Amino acid sequence: MKAIMYERTGDSSVLVLRDRPVPEPGEGEVRVRVAVSGVNPTDWKARAGGTYAATLDGWHVPNQDGAGVVEAVGPGVSGLGVGQRVWLWDVAFGGSEGTAQEAVVVPARKAVPLPDSETFDAGASLGIPALTAHRALTSSEHGPARLAKGTLDGRTVLVTGGAGAVGHAAIQLARWAGATVVATVSSEEKASLAAQAGAAVVLNYRTQDVAAEARRVARHGVDVIVDVNLAANVAADLAAITTGGTIAAYAGASDETVAMPVRQAMAKNVRLQFVLTYTVTDQQKADAVAAVSAALADGALRVGEEHGLPLTRFRLEDTAAAHDAVERGAVGKVLVDI
């Protein structure tokens with residue numbers, strides 16, 4: 001079978017197309033014929049050396065997310081069968097096998113049934129973005145541990161970077177759970193995408209006072225903020241948040257720091273939650289996978305420009321270009337057709 005692989009970290013030129021044997025699943029594993037691989041910032045950062053050590057122990061296949069069809073089932077697996085459509089999560093984390101290849105063996109728990117009503121594109125766009133968004137939305141001490149319809153009724157959520165992949169998923173999940181969603185963007189084009197995703201109010205943070213406008217929607221302040229750039233947004237976040245509210249930060253540069261106005265945060269009893277989907281607890285991960293699956297089954301996690309998440313496609317042999325597109329900040333979701 002064909003696979004994109006790298007044996008040293010660096011720019012995208014380290015990615016090469018190679019032939020390799022088709023793997024066989026072991027105890028508790030399934031082999032999935034990958035249809036679409038999803039590319040996230042963490043994928044190019046790992047390849048560049050930001051996650052792995054500079055010297056790799058053998059060849060690695062990039063990309064965490066994907067979707068495809070189960071084609072072989074190992075001993076001890078129940079609930080999954082040959083021919084079943086699935087979406088995949090955290091495939092490359094902690095190992096050498098990612099989704100940028102024609103087939104991949106994964107623990108059965110990482111292959112989640114994909115409804116017949118949903119596309120492989122939707123399945124490959126979940127993973128890191130949707131699971132990150134779920135943890136951010138459930139990080140409040142006053143909120144549910146697992147989202148479902150109605151669990152955020154009466155609450156207001158502020159999503160910064162509403163046109164990004166995580167922002168898009170956060171808007172859709174929060175709306176599905178019953179919240180009123182305010183999103184921030186930097187352009188009219190992105191405003192249209194956030195609105196199509198389901199945001200009730202979309203603000204251009206370059207030209208509008210985000211905190212003041214958010215408080216027009218939620219007079220006492222927003223309950224949860226899903227933040228893509230805490231260092232830049234901390235002042236506006238603290239002005240917009242309600243007493244006892246939660247700011248969930250899920251992104252940041254490796255050398256980035258945050259100056260926090262301590263007394264202002266204390267006065268509101270603000271909770272600051274940092275989020276990395278890879279290292280959440282097993283229960284938090286299970287809750288996220290279950291909630292995302294339920295939202296997907298309800299048709300609440302759609303992709304494509306008409307749903308606020310434009311898709312940019314590449315062929316397997318062009319995975320390097322896909323990584324470059326994500327690194328350059330492509331709007332929407334970058335997918336690799338396997």
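Helices, meaning H or I runs of at least four residues, and strands, meaning E runs of at least two, are taken from DSSP and numbered from the N terminus. With that in hand, let us walk through this predicted model.

**The parallel sheet**

A good place to start is the open sheet, in which 6 strands pair in parallel in the order β11-β10-β9-β12-β13-β14. At its edges stand β11 (201–204) and β14 (271–274); each has a single partner strand, so one side of each is left without a neighbour in the sheet. From one strand to the next, the twist averages 20 degrees.

Within this sheet, β9 (residues 156–160) and β10 (residues 180–185) run parallel and are joined by 5 bridges. One pair to look for is Val159 with its bridge partner Ala183 in β10.

Two helices lie across these strands. Helix α5 (residues 188–197) lies across β10 and β11, and runs at about 160 degrees to β10. Helix α7 (residues 230–240) lies across β9, β12 (222–227), β13 (241–249) and β14, and runs at about 160 degrees to β13.

**Strand β6 and its partners**

Now turn to β6 (residues 85–88), a strand covered on both faces. Arg85 and Trp87 are buried on one side, while Val86 and Leu88 are buried on the other. β6 pairs with β5 (residues 65–73) in the antiparallel sense over 4 bridges, and 3 bridges join β6 to β8 (residues 111–113), again antiparallel. Trp87 is a handy landmark here: Ala67 stands opposite Trp87, and in β8 the bridge partner of Trp87 is Val112.

**Helix α1**

Helix α1 spans residues 41–48, and its buried residues are Thr42, Asp43, Trp44, Ala46 and Arg47. In general, an α-helix has 3.6 residues a turn, so residues three or four places apart point the same way. The buried residues of α1 pack against β1 (2–8), β3 (29–39), α3 (127–137) and α10 (319–327). After α1 comes Gly49, with a positive phi near 105 degrees.

**Two asparagines with positive phi**

Most residues other than glycine have a negative phi. Asn63 and Asn269 are worth a look in this light, and the table sets them side by side.

| Residue | Phi | Loop | Relative accessible area |
|---|---|---|---|
| Asn63 | about 90 degrees | between β4 (55–60) and β5 | 1% |
| Asn269 | near 50 degrees | between α8 (262–267) and β14 | 57% |

Buried means under 20% relative accessible area and exposed means over 50%. Asn63, at 1%, is therefore buried, whereas Asn269, at 57%, is exposed. The loop that holds Asn269 leads from α8 to β14, and β14 is one of the edge strands of the parallel sheet.

**The second largest pocket**

To finish, have a look at the second largest pocket, which holds about 210 Å³ of space. Its lining consists of Trp89, Asp90, Phe93, Arg109, Lys110, Tyr278, Val280, Thr281, Asp282, Lys285, Ala286 and Val289. By class, 6 of the lining residues are nonpolar, 1 is polar and 5 are charged. Among the charged ones are Asp90, Arg109 and Lys285, and the nonpolar ones include Trp89, Phe93 and Val289.

Terms used. Residues numbered from 1 in each chain as written. Predicted model: local features only at pLDDT ≥ 70, side-chain atom pairs only at ≥ 80, totals over all residues. Heavy atoms only, no water. Pairing = 2+ DSSP bridges. Axes fitted to C-alpha atoms, helices over the stretch in contact; angles between N-to-C directions. Contact = heavy atoms within 4.5 Å. 1 Å grid on protein atoms, 1.4 Å probe; cavity = no way out; pocket = protein on both sides within 12 Å on 5 of 7 lines; lining within 4 Å. Points joined across faces, edges and corners; volume = space filled by probe spheres on them. Buried < 20%, exposed > 50% of the residue type's maximum accessible area, 1.4 Å probe, protein only.
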